[in-house]
Each structure stands twice: as structure tokens, then as C-alpha cells.
Amino acid sequence: MVNQFRWKALVLGLFVSINANASFSNIYDTIFELKCIFCHDEATPTNGNVNLSSYEVIMGSAAPQLVIPGDPEASILYRSIKDGRMPLGLDPLSNEEIELVRQWIADGAVNSQTPQ
Ligand code: HEC
């Protein structure tokens with residue numbers, strides 16, 4: 001199971017380096033969906049109470065508060081990937097991926113996802 005995600009992560013790394021874009025939809029599609037949500041699709045005590053399944057859920061999270069718009073260094077979501085603690089069990093995110101998340105939060109953490 002983890003191997004399957006490693007493959008996706010590899011392809012993903014290539015994609016991000018070609019198409020760097022710090023929008024929420026890009027970060028969601030290329031990072032959260034492939035490397036995070038299979039562990040964080042609902043908030044439970046065993047996954048740190050972290051649910052990353054949608055913009056609304058991420059921004060609405062209070063315990064812990066995941067994102068503080070404009071302040072990446074104070075945002076647990078950013079610190080967890082910058083420290084390399086997340087994604088648990090996978091290779092750390094690339095510098096480019098980490099930078100996309102930093103920039104998205106620094107830019108105010110707006111939602112660019114189109115309603116489905
Ligand atoms: C294999 C399962 C798994 C994957 C994949 C995973 N997480 Fe986690 N995550 C956990 C567990 C378990 C915890 C709680 C225990 C801990 O903190 O180690 C956690 C905790 C967290 C926390 C809470 C604070 C902290 O840093 O401990 C954040 C934020 C987080 N994860 C973000 C992410 C992000 C972002 C990704 C994808 C890049 C990700 N996680 C991928 C299992 C996972």
C-alpha cells in the first residue's frame with residue numbers, strides 16, 4: 001500500500017516541479033489528495049485529530065487549528081511538512097512542494113477550488 005503511494009509521490013514530484021503553482025486546488029490535487037488524505041480523511045484522535053479532506057474542513061479546524069492565514073510559521077499544517085514529520089511513513093515533501101504550501105498560507109490561504 002505504501003509503495004503505491006510512493007509511485008504517485010514520484011510522479012507528483014515531477015509534475016510540481018514543472019507546474020509550480022501555489023493555489024489551493026493545485027496543492028490539494030497534487031499533495032493532500034495523494035500523500036495526506038488517506039490518513040486524514042476524518043478527524044480521529046489516532047491521526048492527531050487532523051482532517052484534510054476539503055478546504056472548508058481544513059480552515060474550520062479548531063483543535064488543532066491547522067492554518068493561520070498569512071502566518072505559515074505559526075501554522076501546524078506547514079510546520080508538520082517543513083519538519084518532515086508529515087507525510088508519516090512516506091518520503092518528506094520536496095522543497096518545491098513545501099514552498100507551495102508556505103506561499104499559499106503566506107498569501108492568505110484563499111480557496112481556489114471550483115465548486116463540484
Ligand atoms: C500514514 C498516515 C499518515 C500520512 C500519510 C499523513 N499523516 Fe499526518 N498524522 C498521522 C498521524 C498518526 C498523526 C498523529 C500522530 C503524530 O503527530 O505523529 C498525524 C498528525 C498530523 C498533524 C498534526 C500535528 C502534527 O504535526 O503532529 C498534521 C498537521 C498532519 N498530520 C498533516 C499531514 C499532512 C499535511 C500530510 C501529507 C503531506 C500527512 N499529515 C500525511 C498520520 C499520517
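**Close-ups of a predicted helical chain**

Of this chain's 116 residues, 27% count as buried. Keep in mind throughout that the model is predicted.

**View 1. The whole chain, as a starting point.** There are 5 helices and 0 strands here, so reading from the N terminus you get α-α-α-α-α. Take the contacts between residues at least 6 apart in sequence: 56% of them join residues at least 24 apart.

**View 2. The shell around the ligand.** The ligand has 21 residues around it, and C36, C39, G48, S80 and M86 are the closest. Two helices, α2 (24–35) and α4 (76–82), each put at least two residues into this shell. The largest share belongs to α4, with 4 residues. Sort the shell by class and you find 13 nonpolar, 6 polar and 2 charged residues.

**View 3. Helix α2 against helix α5.** These two helices pack at an angle of about 145°, and their axes sit 10 Å apart. The crossing of α2 past α5 is left-handed. On the α2 side, the residues to look for are F24, I27 and I31; on the α5 side they meet E97, L100, V101 and W104. That contact is made of 6 nonpolar residues, no polar ones and 1 charged.

**View 4. The largest nonpolar core.** Nonpolar side chains tend to be buried together in soluble globular proteins. In this chain the largest nonpolar core holds 20 residues, and I27, F32, V67, V101, W104 and I105 have the most contacts inside it. Helices α2, α4 and α5 each supply at least two residues of this core.

**View 5. W104 and its partners.** Which residues does W104 touch once its neighbours within four places in sequence are left aside? They are A22, F24, I27 and A109. Two of these names come back from the earlier view of α2 with α5, where F24 and I27 in α2 are among the residues that meet α5.

**View 6. A109, in the segment after α5.** This alanine sits in the segment that follows α5. Its phi is near 55°, a positive value in a residue other than glycine. Buried or exposed? A109 is buried, because 21 other C-beta atoms lie within 10 Å and the cut-off for buried is 20 or more.

**View 7. N49, in the loop between α2 and α3.** N49 also has a positive phi without being a glycine, this time near 65°. Its place is in the loop that links α2 and α3. N49 counts as partly exposed because it has 15 C-beta neighbours inside 10 Å.

**View 8. Two cis peptide bonds.** One cis bond joins A63 and P64, with omega about 5°. P64 lies in the loop between α3 (55–60) and α4. Another joins M86 and P87, with omega about 0°, and P87 lies in the loop between α4 and α5. M86 has already turned up among the closest residues to the ligand.

**View 9. R79 on helix α4.** R79 lies in α4, a helix that also contributes to the ligand shell. With 13 C-beta neighbours inside 10 Å, R79 counts as partly exposed. If you want a distance to check in your own viewer, try R79 and L66: they are 13 residues apart in sequence and 9.6 Å apart in space, C-alpha to C-alpha.

Note on methods. Residues are numbered from 1 along each chain as its sequence is written. This is a predicted model: local features need pLDDT of at least 70, side-chain atom pairs count only at pLDDT 80 or more; totals for chains, interfaces and linings use all residues. A residue is near a molecule or strand if its C-beta atom, placed from the backbone, lies within 6 Å of it. Ala, Val, Leu, Ile, Met, Phe, Trp, Tyr, Cys and Pro count as nonpolar, Asp, Glu, Lys and Arg as charged, and the others, Gly among them, as polar. Axes are lines fitted to C-alpha atoms, for helices over the stretch in contact, and angles run from 0 to 180 degrees between N-to-C directions. A crossing is left-handed if the near helix is turned anticlockwise from the far one by less than a right angle, and right-handed if clockwise. Two residues are in contact if their C-beta atoms, placed from the backbone, lie within 7 Å. A residue is buried if 20 or more other C-beta atoms lie within 10 Å of its own, exposed if 12 or fewer, and partly exposed in between; C-beta atoms are placed from the backbone. A nonpolar core is a set of buried Ala, Val, Leu, Ile, Met, Phe, Trp, Tyr and Cys residues joined through C-beta atoms within 7 Å.
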